[in-house]
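These are my notes from going through the structure, entered by topic as I looked things up.

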Amino acid sequence: MDRATDGDGDVTARAQVIGFWLAALGLLAALALPLSTEADAALTANSRLLAAVFAGACMFAAAAPASVLSAALGFIGVLLGCAVTLILLDDDAVAGSAGWGFWVLTLATWLGAILTLARLAALPTADNATRWLRDLAIPIAFGAFLVYLWEVAVRGFGVSPVLMPAPSATAKRLVESLPTLGEDFIQTFVRSVLSGYVIGCSAGLFVAVIAHRFDFLKRGLLPLGNFVSALPIVGIAPIMVMWFGFDWQSKAAVVAVMCFFPMLVNTLAGLAVAGPIERDLMRSYGARPGQTLFKLHLPAALPFIFNALKINSTLALIGAIVAEFFGTPLQGIGFRISIEVARMSLDMVWAEIALAAVAGMAFYGIVALAERAATSWHPSYRT
Amino acid sequence: MTSSADALALPQAVGWPTWLIKRAPVLVVVSILIVLWYLAAILMNAPMVRDAFERAETQYAVSDLIAGTLDSERPIVPAPHQVMAQLIDSVFNYPLDSPRSLAYHAWVTLSATVAGFALGAIFGILLAVLIVHVRTLEKSLLPWVICSQMVPILAIAPIVIVVLGAIGIRGLLPKSIISAYLCFFPVTIGMVKGLTSPDPIQLDLMRTWSANALQIFWKLRWPSSVPFLFASLKVAVTISLVGAIVGELPTGAQAGIGARLLTGSYYGQTVQIWAALVAASIIAASLVALIDVAGKWTERQMGTAT
Amino acid sequence: MRPPEHARGDAETAAGSAQRALTVDARGVSLTFHTRDGEVQALSNVDLQIGEGEFVSFIGPSGCGKTTLLRVIADLERPTAGTILVNGITPEDARLQRHYGYIFQAPALYPWRTVERNVALPLEIMGFGTEERRKRVERYLKLVNLSGFERKFPWQLSGGMQQRASIARALSFDPELLLMDEPFGALDEIVRDHLNEQLLRLWDQTGKTVLFVTHSIPEAVFLSTKIVVMSPRPGRIIDIVSCDFPRERTLEIRETAEFMKVAQRVRSGLRSGHSYDE
């Protein structure tokens with residue numbers, strides 16, 4: 001399954017050409033419009049910025065006709081536009097009170113970015129490696145541009161940093177608070193998430209193996225497991241606090257319960273997947289039930305088990321963080337978020353969220369790598 | 001023994017209706033779990049009850065001890081009947097707008113859940129349709145939507161609540177926004193899978209009839225995606241509920257199931273917490289059941305019901 | 001390894017040859033399935049004696065009970081009436097003592113094991129040592145012409161090669177009896193011819209008793225010493241045809257008159273047992 005679409009639909013070619021010309025004109029129009037609503041600032045004052053704007057407009061114009069270089073030219077134009085706007089924001093007159101000129105610059109750059117992405121998406125690729133590179137570059141460029149827009153919007157509109165910090169402020173705070181982030185990471189991830197994950201997943205696997213052996217148990221537990229998976233299990237956090245105290249043990253307990261049911265349901269599904277021929281084969285060898293379990297059912301169930309392990313990796317992190325919202329000693333990602341939110345220092349909150357996001361992706365990535373190593377024989381790796 | 005044809009036929013116990021036989025394993029397991037629950041209540045509460053008796057220096061027999069464990073005010077593990085009693089009491093015995101009524105809190109959370117779910121589902125479907133038809137979106141946005149599955153997005157709930165609160169928006173809307181934001185991801189991913197599920201053979205056939213994108217969408221893609229839609233809606237509604245509950249936590253909201261859980265935990269009202277959780281579970285199960293019924297009805301109308 | 005015998009597989013000759021038990025001795029075997037739609041008589045009063053070293057084909061239309069009979073011999077089904085002995089003991093004991101190797105319609109190789117580990121699977125279960133396993137895997141892969149493919153995964157092999165691997169797996173623990181249920185049915189004719197020749201050569205070299213289910217008349221006549229013609233509803237034996245072709249035969253004999261005569265007899269047996277007008 002290479003692409004979601006059949007490649008026919010996209011921003012039409014004519015619209016793209018017109019769009020690029022519009023972007024170029026927009027950049028130039030900014031020269032005539034005021035950059036600030038307060039002071040009297042104009043682009044004509046700074047010669048280097050002037051040159052950059054002209055160059056950007058030329059790039060967009062050159063990118064208009066569809067060619068192999070179009071994506072690259074558009075990319076340079078976008079970079080120039082971003083640079084100009086970001087440099088302008090350093091000017092106190094512009095930051096917080098940006099005028100029409102500034103916004104036209106930003107919008108033109110935005111339009112150029114959309115079209116550049118469209119051209120990039122349509123770029124023909126010679127082989128698998130370049131296609132992989134291109135498909136990696138597009139979402140990264142898209143994400144980076146969103147961060148840029150966020151930065152420009154926050155600083156250009158002069159949004160109070162208490163309400164919504166700019167990405168640059170968040171990045172600064174992140175770097176400054178690495179020790180605190182480290183402690184929070186250890187408390188939440190290493191102590192709560194990992195222990196709860198291991199306990200919950202092993203328990204789910206163990207119970208599934210037993211239920212597989214006794215059909216009555218399986219028919220009773222499977223609907224129950226499906227039912228419980230739909231419930232807001234995070235809500236047991238206050239009960240766990242009552243039983244295990246405020247510290248990481250109660251969070252680990254929440255995580256363990258959250259991981260148990262998806263693991264149970266998926267493992268049961270996986271253990272049932274071996275077909276009648278394979279089972280008859282084992283029977284013809286006079287294999288004991290234990291041999292059949294370890295040589296047939298468990299290996300066949302591995303793709304399902306890893307599916308649950310991946311799902312659980314995210315659930316575990318969510319469970320630990322939300323459980324910390326209910327109360328925790330002075331450490332932890334969830335704790336820090338709720339404290340800093342109450343203090344309205346949102347840059348720290350975003351830094352913690354960035355930490356949680358990175359931890360989540362890394363955790364998932366490690367499980368996915370392990371899955372690839374263990375189940376490389378599965379058809380899903382062949383296309 | 002083997003894969004003979006009658007392996008699936010359940011033994012016909014004399015006199016029992018079929019629906020009971022089919023559900024027997026679940027009923028037995030649930031009954032066993034309830035018994036275990038009672039045992040846990042007795043064992044876990046025993047030390048506390050014994051201490052209370054000894055402090056009051058009253059004589060007590062084993063039966064008194066057991067009765068005490070199943071009836072304490074602040075048990076470590078409340079007994080099932082205690083939870084049910086509290087549930088029934090707090091739902092039926094208070095006026096519907098009283099903050100002591102569990103029905104009131106349940107309604108607050110439920111409304112946020114449903115509002116967020118509706119918003120998120122519609123947005124998710126629209127986004128999925130766009131992603132399937134606009135290639136740039138598929139390549140730039142879809143990877144991020146997929147990445148979002150690995151990231152604990154629920155962590156942004158406090159920010160949304162507080163920021164919106166600071167500009168004067170409180171109550172239902174911020175929670176709905178959180179719920180909507182959480183549930184549009186699974187709906188988008190599920191619908192993208194569903195809209196792209198038709199066989200290439202089917203798409204080729206459409207092309208031989210010179211069908212345009214809109215026709216392909218209505219006649220092929222949309223009907224093929226119905227099972228995926230309902231599957232992802234079930235996931236979305238449960239996430240939406242969790243989002244609504246979590247949205248009540250950061251600012252210590254006054255109303256809603258999350259608020260109830262918070263106050264219960266602050267004041268040590270164990271039975272209240274358990275009752276609130278049972279209420280939340282009932283809400284979740286009912287919502288999923290509703291979607292399931294809707295899905296089956298739709299499939300019957302389409303003639304694809306199995 | 002017992003020398004191959006050209007036994008005639010009926011009770012008298014077997015009794016006369018040095019007290020050796022019949023490989024399969026079925027008397028009055030019946031099997032009725034109870035399904036939701038009612039009762040299905042898969043086998044009705046089957047009497048069959050098979051001696052050692054024979055190559056017996058079971059042929060008949062779908063639902064005639066040939067696979068069911070094979071599964072009864074393999075203790076994968078239990079008959080509802082009649083007696084059956086495999087090598088003089090019950091099918092269950094024969095199974096637990098690993099007297100036979102079963103080859104299914106699909107290769108049923110485990111996708112997470114390489115070819116050599118797939119062939120070694122029964123050896124692991126039966127407790128052979130590591131060195132012994134390695135030797136056997138090497139020997140039997142060579143026998144089916146798959147040397148050099150040990151480290152490949154099943155999906156990297158063609159259908160014919162996968163089926164050969166499953167034959168090597170069935171042979172790896174030296175069972176006296178080979179039960180094959182339409183093993184070449186999913187393959188195209190060219191590969192099938194090739195594999196028929198290889199199977200025949202294998203039978204000649206190893207001297208095992210082979211029970212082979214098929215619905216291809218030429219295949220049955222080419223391979224067998226005896227052909228059991230069956231018919232459905234209820235499943236029963238219509239005819240037992242002996243074939244007397246020389247052991248070193250090639251595919252060319254399929255055009256000879258003698259071959260045609262045997263095939264004709266089989267075909268008329270099939271027709272008499274099963275009317276398509278029902």
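**Chain B, domains.** I began with the division of chain B in this predicted model, and I found domain 1 at 11-77 and domain 2 at 102-302. I then looked up how far apart the two parts lie, and the centres of domain 1 of chain B and domain 2 of chain B, taken over C-alpha atoms, are separated by 37 Å.

**Chain B against chain A.** I next asked how many residues each chain brings to this contact, and the count is 56 residues from chain B and 57 residues from chain A. On the side of chain B that touches chain A, I noted that several helices each supply at least two residues, among them α1 (18-56), α4 (102-133), α11 (226-247) and α13 (270-302) of chain B. Of the elements on that side, α13(B) gives the most, with 8 residues. Sorted by class, the side of chain B that touches chain A holds 41 nonpolar, 12 polar and 3 charged residues.

**Chain C against chain A.** I turned to the other contact of chain A that I had on my list, where 17 residues of chain C are in contact with 13 residues of chain A. The elements of chain C that give two or more residues to this side are α3 (91-96) and α4 (115-126), and α4(C) has the largest share, 4 residues. By class I recorded 15 nonpolar residues, no polar ones and 2 charged ones on the side of chain C that touches chain A.

**Chain C as a whole.** I counted 9 helices and 9 strands in chain C. I wanted to know how its radius of gyration stands against that of a compact globule: with 278 residues such a globule would have a value near 19 Å, and chain C has 19 Å, so the two agree. Along the principal axes, the C-alpha atoms of chain C fill a box of roughly 50 × 45 × 40 Å. I also noted that 45% of the 278 residues of chain C count as buried, and that among contacts in chain C between residues at least 6 apart in sequence, 71% join residues at least 24 apart.

**Chain C, the sheet of 6 strands.** I traced the strand order of this open sheet as β5-β6-β7-β3-β8-β9 (chain C), and its pairing is mixed. Which strands stand at the edges? They are β5 (100-103) and β9 (236-242) of chain C, and each has a single partner strand, so one side of each is left without a neighbour in the sheet. From one strand to the next, the twist averages 15 degrees. At the β5 edge I looked at the pairing itself, where β5(C) and strand β6 (residues 177-181) of chain C run parallel and are joined by 4 bridges, and where C:Gly101 has C:Leu178 in β6(C) as its bridge partner. I then checked what lies on this sheet, and helix α2 (residues 66-73) of chain C lies across β3 (55-59), β6, β7 (209-214) and β8 (226-231) of chain C, running at about 150 degrees to β7(C).

**Chain C, the sheet of 3 strands.** I found a further open sheet with the order β2-β1-β4 (chain C) and antiparallel pairing. Here β2 and β4 of chain C are at the edges with a single partner strand each, so that one side of each has no neighbour in the sheet. Neighbouring strands of this sheet are turned against each other by 30 degrees on average, direction ignored.

I followed the pairs one by one. Strand β1 (residues 24-35) and strand β2 (residues 38-50) of chain C pair in the antiparallel sense over 9 bridges, and a hairpin joins β1(C) to β2(C) through 2 residues. In this pair C:Thr32 stands opposite C:Gln41 in β2(C), while C:Phe33 has C:Val40 in β2(C) as its bridge partner. The pairing of β1(C) with strand β4 (residues 81-86) of chain C is also antiparallel and runs over 5 bridges, with C:Val24 opposite C:Val86 in β4(C).

**Chain A, one residue.** My last entry concerns A:Asp247, which lies in the loop between α9 (237-244) and α10 (248-271) of chain A. Is A:Asp247 buried or exposed? With 16 C-beta neighbours inside 10 Å, A:Asp247 counts as partly exposed, because a residue needs 20 or more to be buried and 12 or fewer to be exposed. I also noted that the C-alpha atoms of A:Asp247 and A:Gly200, 47 residues apart along the chain, are separated by 18 Å.

Technical notes. Residues numbered from 1 in each chain as written. Chains lettered and ligands numbered in written order. Predicted model: local features only at pLDDT ≥ 70, side-chain atom pairs only at ≥ 80, totals over all residues. Contact = placed C-beta atoms within 7 Å. Nonpolar A, V, L, I, M, F, W, Y, C, P; charged D, E, K, R; others polar. Domains from an automatic or database assignment. Pairing = 2+ DSSP bridges. Axes fitted to C-alpha atoms, helices over the stretch in contact; angles between N-to-C directions. Rg over C-alpha atoms; globule rule 2.2 N^0.38 Å.
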